[in-house]
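Trainee: I would like a close look at a single part of this structure. Please pick one helix and connect it to what surrounds it.

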Amino acid sequence: MKKSSTVTIKPEIRDAGLGSLGSYLTGFVLSIILTLIAYYVVTAKLYSSNLQVVSIIISLAILQLFVQLIFFLHLGRESKPRWNVTVFVFAATVVLIVVFGSIWIMNNLNYNMAHSSDSYIRKDELIKQ
Amino acid sequence: MNNEAVALNSAEILEQENTNKTMFGFWLYLMTDCVLFAVLFATYAVLHKNTFGGPGGAEIFNMPYILVETMLLLTSSFTCGLAMLAVHKKQRKALLIALAITFGLGLAFLSMELFEFRHLVVEGNSWTRSAFLSSYFTLVGTHGLHITVGLFWLATLGYQIFKNGLKQHAVKRLGLFSLFWHFLDIIWIFIFTVVYLMGVS
């Protein structure tokens, strides 16, 4: 009973974190394509607004993050319980809170404090002078 | 005989479980490093418009140069993956070649980055110029520091394998190194996007 259970566990443990040539090649080619698309969009100025270009290249970066996590780091290939994925999700949450929280708070501070006159606020709130 | 085989198997499994624990510990370290970089990214995002009359990103970033740097690091991440494949096939020579290429590409990346830094400082745009440049040098420099440490680590590992052959602990350390190297490549994607691409757009 015990023997058979140890033998069946083994291949699963072995597989975690091990890639194949195919997976590395796929990850490499996809990463190059995504990098070149982002580079081309910016240098050829294929965008109409700042918000548009930021959302395009950030999406491409996040896509490439997942490409590399899956094809290079083989995240999610481990057997249950998936501690690596759990820790990654926790870290990603902290990262998002720190980055977007900082940007949000500091923009808000700039908006409310940087201008000695309140003309900006008047304009945004559509208050007639 | 059957019992012996099982005993050997369980020793191997124990070894493997130990390796898995070490890998997990190292993964935890990488995730805390992620938080460190997140703080630096947040600082950069907040300060990148505070140029204090100095140049902004669009004036000082040379995009084709940065693209070459990015490709060098990406390729070294790929050859690091090839090295891991060679480890598991026990091909020592292929492994050493892949590690040497990884090292060369990493070193080329680091040299290009240091050359870029030198160029900025010579032109008077050092970290003391403005809040934008302080946060830029801190973020990109911290990544460069990680790359430097990685190169020392890789050189040591390569020497150990060259000298002593593919021992079990060398295989384990190579696994950890490949995690570290792929992680640095992922951080660079975000530096490339947030600092350079968004800086010139």
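Mentor: What follows starts with one helix of chain A and then moves outward to chain B.

Keep in mind that this is a predicted model. Chain A has 5 helices and 0 strands. Along the sequence its pattern is α-α-α-α-α. Our part is α3(A), residues 50–71 of chain A.

Begin with length. α3(A) has 22 residues, so at 1.5 Å a residue it should span 32 Å. Its end C-alpha atoms lie 31 Å apart, which agrees.

Now look at which residues are hidden. The buried ones in α3(A) are Ile57(A), Leu60(A), Ala61(A), Gln64(A), Val67(A), Gln68(A) and Phe71(A). Where do the buried residues sit when you look down the axis of α3(A)? They fall within an arc of 115°, so they line one face of the helix. Turn to the face directed away from that buried side. There you find the exposed residues Leu51(A), Ser55(A) and Phe66(A).

What do the buried residues of α3(A) pack against? They pack against α2 of chain A together with α6 of chain B. Our helix therefore leads us across to the other chain, because its buried face packs against an element of chain B as well as one of chain A.

Stay in chain A for a moment. Buried residues make up 18% of its 129 residues. Take the contacts in chain A with a separation of 6 or more. Residues 24 or more positions apart account for 53% of them. The domain assignment splits chain A into domain 1 (1–79) and domain 2 (80–129). The contact between them takes 4 residues from domain 1 and 5 residues from domain 2. On the domain 1 side, that is 1 nonpolar, 2 polar and 1 charged.

Now cross to chain B. This chain has 6 helices and 0 strands. From the N terminus its elements run α-α-α-α-α-α. Its C-alpha trace spans about 80 × 30 × 25 Å along the principal axes. Of its 201 residues, 37% count as buried. Among its contacts between residues at least 6 apart in sequence, 83% join residues at least 24 apart.

How many residues does each chain bring to the contact between chain A and chain B? 42 residues of chain B touch 41 residues of chain A. On the chain B side, α1 (2–47), α3 (63–88) and α6 (168–200) each supply at least two residues. The largest share, 19 residues, comes from α1(B). By class, the chain B side has 29 nonpolar, 12 polar and 1 charged.

Leu85(B) gives a single example of a contact between the chains. Leu85(B) lies in helix α3 of chain B. Leaving aside neighbours within four places in sequence, Leu85(B) is in contact with Gly19(A) and Leu21(A). Is Leu85(B) buried, exposed or partly exposed? It has 18 C-beta neighbours inside 10 Å, so it counts as partly exposed.

Next, the core. In soluble globular proteins, nonpolar side chains tend to be buried together. Here the largest nonpolar core has 63 residues. Phe41(B), Ala83(B), Ile187(B) and Ile191(B) touch the most other members. Two helices of chain A give two or more residues to this core: α2 and our α3. From chain B, the elements that do so are α1, α3, α4, α5 and α6. The largest share, 18 residues, comes from α6(B). Recall that α6 of chain B is also one of the elements our helix packs against.

Zoom in on Ala83(B). Not counting residues up to four places away, Ala83(B) touches Leu95(B), Ala98(B), Leu99(B), Thr102(B) and Leu174(B).

Finish with another helix for practice. α5(B) covers residues 131–164 and has 34 residues. It reaches 49 Å from its first C-alpha to its last, close to the expected 50 Å. Its buried residues include Phe132(B), Leu139(B), Ile147(B) and Ile161(B). Phe152(B) also lies in this helix. Yet Phe152(B) is exposed, because just 9 other C-beta atoms lie within 10 Å. After α5(B) comes Gly165(B), with a positive phi near 80°.

Methods: Residues numbered from 1 in each chain as written. Chains lettered and ligands numbered in written order. Predicted model: local features only at pLDDT ≥ 70, side-chain atom pairs only at ≥ 80, totals over all residues. Contact = placed C-beta atoms within 7 Å. Helix = DSSP H or I, 4+ residues; strand = E, 2+ residues; numbered from the N terminus. Nonpolar A, V, L, I, M, F, W, Y, C, P; charged D, E, K, R; others polar. Domains from an automatic or database assignment. Expected span 1.5 Å × (residues − 1). Buried ≥ 20, exposed ≤ 12 C-beta atoms within 10 Å, placed from the backbone. Core = buried A, V, L, I, M, F, W, Y, C linked by C-beta atoms within 7 Å. Arc of directions from axis to C-beta.
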